[in-house]
Amino acid sequence: MSGVELLTYLDGSSYTAISASGYGMSVANGGDIDGDGYGDLVVGAPRFNCETGLALLYFGGPRGPNTHPEIELHPPTASGSDFGQAVMGVGDLNGDRLSDLAIGSYGGVSIYYGRADRGLETPDLVVHSVDPGGGIPELAFGTVLGTPGDLNGDGYEDLIVGGPEDGVFVGGEPGGGGSGRVYVFPGSSTGVSARPLFELQKASDTVDFGISITCPGDVDGDGLEDLVVGAFGSFNLFRGRRGGPSLAPDYEQADPDHGPEDNFGAYVN
Ligand SMILES: [Ca+2]
Ligand SMILES: [Ca+2]
Ligand SMILES: [Ca+2]
C-alpha cells in the first residue's frame, strides 16, 4: 500500500486501513522546504507496514497543499522503528535559506536538508544520541522533536531531540517511564553532526523528561532564543547562550497542586 492509497482511503470506507497506518499521528509545518515561497506540510504514518513507518510531504502552493502527497519518505536503514512517530520542520539547520526536515523514529532521527528540486527521497544523514550498539538505552530517542530555535545565537537553527523513555527506568524496569534525555545538535554551514554536542540536565527525580519540547522564542529578552522542556509533572526552561545553551535548567516549574499523574508538562508549546 502506498501513501497515495492512504489518502484515497480517506474518501472511501476503509477507515481501518488509515487508522492502522497511524496516518496523522504526527503532523507539522515543514517550513518552506523547496524555497518556492509556500509553506510545506509533513504528515507521519508511523504504524504503516507493521510499524516500519512512513512520512508524506505535501508541498504548498497558491491554492494550498495538493490533496495527494508529492513525496513519500521511507525509513532508511538504521533509522529505527515507527518512522514518522515525530515529524518536524526544524528551521534552517545548514543556513542555505531552505527549511529542513526531521523525521523521528524509535532510535534515530532522519535529517533532510531542503532542496529547490524537491529531491528528498533519501535523508542526508541519520543522527543518534550515542553510537548505535553502544550499550546505552536509547529506546525512545527520536520520538520527540523540538520546534525550530537558534539556542546559541549563531544564525543557524539547532536540532533538539528528546528520548523521554531513555535512561534509568523508573521502578527499574522498562514500561514504567524513563528519566528521559534531551539532546542538542547545533546547526552549522554543513548542517548538524551525527552525534549531539550537548545533553541537557534535569532533576534526578524527573519522569519522562523530554516528553514535550518547544522553542518559544526569546522569553527573557536577552536576544537569544530559549528552550522549554516538559516532563510528567513539570517543565524546565533552558536559556539560550553564546557557545551553547544552558545545560542545567534556569527555571523549573512543577505543578503546585498535582503530581506527575496529572500529566502537567506533558505538552508545552
Ligand atoms: Ca514550499
Ligand atoms: Ca536548510
Ligand atoms: Ca544555532
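Q: What makes the arrangement β13-β14-β15-β16 a sheet, and in which sense do the strands pair?
A: In this predicted model, four strands follow one another in the order β13-β14-β15-β16 and form an open sheet with antiparallel pairing. Strands of a sheet pair through backbone hydrogen bonds, either parallel or antiparallel.

Q: Why are β13 and β16 said to stand at the edges?
A: Strand β13 (212-217) and strand β16 (251-254) each have a single partner strand, so one side of each is left without a neighbour in the sheet. From one strand to the next, the twist averages 20 degrees.

Q: How do you know that β15 and β16 are paired?
A: Two strands pair if DSSP finds at least two bridges between them. Strand β15 (residues 234-238) is joined to β16 by four bridges, and the two run antiparallel. The criterion is therefore met. Within this pair, Leu237 has Tyr251 of β16 opposite it.

Q: Which strands pair with β3, and how many bridges support each pairing?
A: Strand β2 (residues 40-44) is joined to β3 by four bridges, and strand β4 (residues 71-73) pairs with β3 over three. Both pairings are antiparallel. On the β2 side, Gly44 has Ala55 as its bridge partner; on the β4 side, Leu57 stands opposite Ile71.

Q: What makes both faces of β3 count as covered?
A: In strand β3 (residues 55-58), Ala55 and Leu57 lie on one side, Leu56 and Tyr58 lie on the other, and all of these are buried. In a regular strand the side chains alternate between the two faces of the sheet.

Q: Why is Gly84 called buried?
A: A residue is buried if 20 or more other C-beta atoms lie within 10 Å of its own. Gly84 has 29 such neighbours inside 10 Å, and therefore counts as buried. Gly84 is located in strand β5 (residues 81-89).

Q: What surrounds Gly84?
A: Leaving aside residues up to four places away in sequence, Gly84 touches Ser26, Gly44, Ala45, Pro46, Gly53, Leu54, Ala55 and Ile103. Gly104 is 20 residues from Gly84 in sequence, with 5.6 Å between their C-alpha atoms.

Q: Why is Glu51 partly exposed rather than buried or exposed?
A: The buried class needs 20 or more other C-beta atoms within 10 Å, and the exposed class 12 or fewer. Glu51 has 15, and is therefore partly exposed. Glu51 belongs to helix α3 (residues 48-51).

Q: Why is Arg118 placed in the partly exposed class?
A: Arg118 has 16 C-beta neighbours inside 10 Å, a count between the limits for exposed and buried, and is therefore partly exposed. Arg118 is found in the loop between β7 (108-112) and β8 (125-127).

Q: What makes the phi values of Glu51 and Arg118 worth noting?
A: Most residues other than glycine have a negative phi. Glu51, although not a glycine, has a positive phi of about 70 degrees. Arg118 is likewise not a glycine, and has a positive phi of about 60 degrees.

Q: Which residues touch the most other members of the largest nonpolar core?
A: That core holds 57 residues, and Ala55, Ala102 and Val229 touch the most other members. For Ala102, the residues touched are Met88, Val90, Val109, Ile111, Leu145 and Leu159, not counting those up to four places away in sequence. In soluble globular proteins, nonpolar side chains tend to be buried together.

Q: How many helices and strands are there, and what share of the residues is buried?
A: The protein has three helices and 16 strands, and buried residues make up 49% of its 269 residues.

Technical notes: Residues are numbered from 1 along each chain as its sequence is written. Chains are lettered from A and ligands numbered from 1 in the order in which they are written. This is a predicted model: local features need pLDDT of at least 70, side-chain atom pairs count only at pLDDT 80 or more; totals for chains, interfaces and linings use all residues. A nonpolar core is a set of buried Ala, Val, Leu, Ile, Met, Phe, Trp, Tyr and Cys residues joined through C-beta atoms within 7 Å. Two residues are in contact if their C-beta atoms, placed from the backbone, lie within 7 Å. Axes are lines fitted to C-alpha atoms, for helices over the stretch in contact, and angles run from 0 to 180 degrees between N-to-C directions.
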